[in-house]
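Here is a short report on one protein chain. Take a look at the structure first, then read on.

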Amino acid sequence: MARTADSPAAPRVSPPDLPDEFAEAQPARGADLLAARLDLTGDVDLAHCSLEQCVIEADVDTLDLTGATVLDVDMHGVRVASMPMRNASIRRLRITGGRIGTLDLSGARIDELELRDLRVDYLNLGGAKATDVLVADSTIRTLDTPQAELTRVRFDDCRSDEVDPRGLRSKDVDLRGLDAGAFTDANSLRGTTLTMFQVQQLAPTLAAGVGIQVKD
């Protein structure tokens, strides 16, 4: 596919659309929460719930959002050991500041996600279909994207120890702002944009992938 001069296209990320006032609400599995402010502690089960126009603060061991519908949600200053969001439907979610041990977005359907000023030990996007994602000023120890479909995704001033892109399908994925210690499969980076320095770092992995033996 031919690329235009504007490639890679930037993600189209906008702030969550939030009301001026919020209601206090109690978290519950399968709950329907609208315009709520949640201050979460302990272990919280919000699996299969609907969160719309909500603000969330969390200092929890587990925040379970498996299968949840998340629309116009702002999370800030979070401290979460485990945050499963498997098979969630996400539209305009912003997470700013804090630390997350495991953020599991495997199988999620994502439209507008912003992660900013975060420390994440393990970010899993395996099998996710994500459009318009911005990750900025963040450290992600391990980033897994096996079999993911990513469109208009950009990293700005981010660091990662290891990235596993096996089976990744990419369009307008900008990795120039991701300082990665290692990519486990350089051949799966088709459709991404890298700097010349990153390509030079990847040269041995790329050569091995096509059967080239490199010796001085």
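At 7% relative accessibility, Asp164 counts as buried. Bear in mind that this is a predicted model. Asp164 forms a salt bridge with Arg166, and the closest N and O atoms are 2.6 Å apart. The partner sits in another setting: Arg166 counts as partly exposed, because its relative accessibility is 48%.

**Salt bridges between strands**

How many salt bridges are there? The count comes to 16. Two of them involve Arg92, one with Asp72 and one with Glu112. The table lists these two along with the pair described above.

| Nitrogen side | Oxygen side | N to O distance |
|---|---|---|
| Arg92 | Asp72 | 2.5 Å |
| Arg92 | Glu112 | 3.7 Å |
| Arg166 | Asp164 | 2.6 Å |

Start with the salt bridge of Arg92 and Asp72, at 2.5 Å from N to O. Arg92 lies in strand 6 and Asp72 in strand 5, so the pair ties together parts that are 20 residues apart in sequence. Arg92 is buried, and Asp72 is buried too.

Now take Arg92 and Glu112, whose side chains meet in a salt bridge at 3.7 Å, N to O. This pair links distant parts of the chain, with Arg92 in strand 6 and Glu112 in strand 7, 20 residues apart. Both Arg92 and Glu112 are buried.

Return once more to Arg166 and Asp164, with 2.6 Å between their closest N and O atoms. Elsewhere, salt bridges that share partners join Asp72, Arg92 and Glu112 into one network.

**How the strands pair**

The strands that hold these charged residues also pair with each other. Strand 5 covers residues 69-84 and strand 6 covers residues 89-104; they pair in the parallel sense over 13 bridges. Within this pairing, Val78 stands opposite Gly98 in strand 6.

Strand 6 also runs parallel to strand 7, and 13 bridges join them. Here Thr96 has Arg116 in strand 7 as its bridge partner. In a regular strand the side chains alternate between the two faces of the sheet.

**The nonpolar core**

Which residues have the most contacts inside the largest nonpolar core? They are Leu63, Met83, Met85 and Leu105, in a core of 59 residues. Met85 touches many residues beyond its neighbours within four places in sequence, including Leu65, Val70, Ile90, Leu93, Leu103 and Leu105. Polar residues are on its contact list as well, among them Thr66, Asp104 and Ser106.

Ile110 is in strand 7, which spans residues 109-124. Ile110 counts as buried because its relative accessibility is 3%, and buried means under 20%. Beyond four places in sequence, its contacts include Ile90, Leu105, Leu125, Ala130 and Val133. Far from this spot is Ile212: the C-alpha atoms of Ile110 and Ile212 are separated by 38 Å, and the two residues are 102 apart along the chain.

**A buried aspartate in strand 8**

Asp132 is in strand 8, residues 129-136. Is Asp132 buried or exposed? At 4% relative accessibility, Asp132 counts as buried. Its side chain reaches the backbone nitrogen of Arg12 at 2.8 Å. Not counting residues up to four places away in sequence, Asp132 touches Pro11, Arg12 and Val13, and also Asp111, Glu112 and Leu113. Thr151 and Arg152 complete its list of contacts. One of these, Glu112, is also the salt-bridge partner of Arg92.

Conventions
Residues are numbered from 1 along each chain as its sequence is written. This is a predicted model: local features need pLDDT of at least 70, side-chain atom pairs count only at pLDDT 80 or more; totals for chains, interfaces and linings use all residues. Side-chain values use heavy atoms; hydrogens and water are left out. Helices (H or I, at least four residues) and strands (E, at least two) are DSSP runs, numbered from the N terminus. Buried means under 20% relative accessible area, exposed over 50%, partly exposed in between (1.4 Å probe, protein chains only). A polar contact is a pair of N or O atoms within 3.5 Å; within protein, one must be able to donate a hydrogen and the other to accept it, and residues adjacent in sequence count only if both atoms are side-chain atoms. Contact means heavy atoms within 4.5 Å. A nonpolar core is a set of buried Ala, Val, Leu, Ile, Met, Phe, Trp, Tyr and Cys residues joined through side-chain atoms within 4.5 Å. Two strands pair if DSSP finds at least two bridges between them. A salt bridge is a side-chain nitrogen of Lys or Arg within 4 Å of a carboxyl oxygen of Asp or Glu.
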